[in-house]
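Please open the structure in a viewer and keep the selection tool at hand. The tour proceeds by selections.

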Amino acid sequence: MLSHLECARCGLRHDADTVQNLCHACASPLLARYDLTKVGRPTQDNSLWRYRDVLPVRDPDPAFSLGEGMTPLVPLPKLSDQLGVTVLMKDESLIPTGSFKARGAAVGVARARELGVEGIKMPTNGNAGAAWALYAARAGLHSVIAMPEDAPLITREEVQASGAELRIVPGTIADAAQAIKDVDLFDASTLKEPYRIEGKKTMGYEIVEQLGWRVPDVIIYPTGGGVGLIGIHKALEEMRELGWITGKMPRLVAVQSTGCAPIVRAFDEGAAESTFWDNAFTSAFGINVPKPLGDFIILRAIRETDGTAIAVDDGQIQEDREETARLEGAFLCPEGAATISAVRTLRKNGWLTENEEVVVLNTGAGIKYPGVRL
């Protein structure tokens, strides 16, 4: 039951039914807030819409959904034995468009249509643009998508197939954002609208429900823009307020590549925000974000849960991608493989202990990255 929007920085309240991107007082991201006294238990829908009472769409159209959400929580017993810790994988590779980005697109596009938005624009590292372009096409909305020239080719083809206008630019996602500044459409960039995070937070609801309404010790998330990590933290806070979970929160871990690690650097320095990461590059394209808009929310979520931030190098990511496929038959996206590398490193340095239960996020299908070397 959507109540209002609230600025993540200054706390200023905003009307939920206005088409707004950022706080008009401090230009920070807005978060959706709900009347939790009116929230019921999940419905029988076999999709993220089972949590409709904590989603912002007032009147969800069942015909709009592509079946996004309710992805499996898969045990990885051989890797668990090798790493000396219990590892469960939330596998987003089975979701429509092949990545977890469909969660944010499904809710974000549905809400945009409900608010009368006629078209959207966004920069992307690939998967988000593909998801938003396809869901926008389903909703009858125009879209303009910009992505770096080294983004995965399959995501470019998904955007083109949707009928969206695609702009390919040299550089990073920051350069892609500059390439569409002239476009007069609703800005659906990461955390520049408050509804993508609401779709992403359903990963947190699903993890807890799939564990029998309890939480794991640790959740490890590959962090670029960080919307999924912020969303999972938001879901955990909502469930605790609802009384669906009690006790200590899972420790949240942001994993990045050593080639682009602004959150890790800020965390290690004790900073409240990150600084721009120059010459950013990683083969895990989805986490190649030099400075996330929501960096201060990411860092706050990590610290509030006694979590951490860690950088792993691309060579280790590739090794763990191959190892996971060989041992478990799971072909991870590079970003998902980075979470396995994080488990390995955190177990080695003692931050993770033998008796802990760890949930890692495989955020997309490995087959969407044919150019990435194993």
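The stops below cover two cores, a helix and a single alanine.

This is a predicted model, in which local features need pLDDT of at least 70 and side-chain atom pairs count only at pLDDT 80 or more, while totals for chains, interfaces and linings use all residues. Residues are numbered from 1 along each chain as its sequence is written, and side-chain values use heavy atoms, with hydrogens and water left out.

Select first Tyr205, Ile232, Leu236 and Met239. These residues have the most contacts inside the largest nonpolar core, which has 58 residues. A nonpolar core is a set of buried Ala, Val, Leu, Ile, Met, Phe, Trp, Tyr and Cys residues joined through side-chain atoms within 4.5 Å; buried means under 20% relative accessible area (1.4 Å probe, protein chains only). Helix H8 (residues 227-242) supplies the largest share of this core, eight residues; helices are DSSP runs of H or I with at least four residues, strands are runs of E with at least two, and both are numbered from the N terminus.

Apart from this core lies another, of 33 residues, including Ile95 and Ile145.

Next, select helix H9 (residues 262-269), where Pro262, Ile263, Val264, Ala266 and Phe267 are buried. Strand S11 (251-257), helix H10 (295-304) and strand S12 (308-312) are among the elements covering them. Gly270, with a positive phi near 75°, follows H9.

Finally, select Ala365, in the segment after strand S13 (357-362). Is Ala365 buried or exposed? Ala365 is buried, with a relative accessible area of 9%. Its C-alpha atom is separated by 4.1 Å from that of Ser93, 272 residues apart along the chain.

Definitions and conventions: Buried < 20%, exposed > 50% of the residue type's maximum accessible area, 1.4 Å probe, protein only. Contact = heavy atoms within 4.5 Å.
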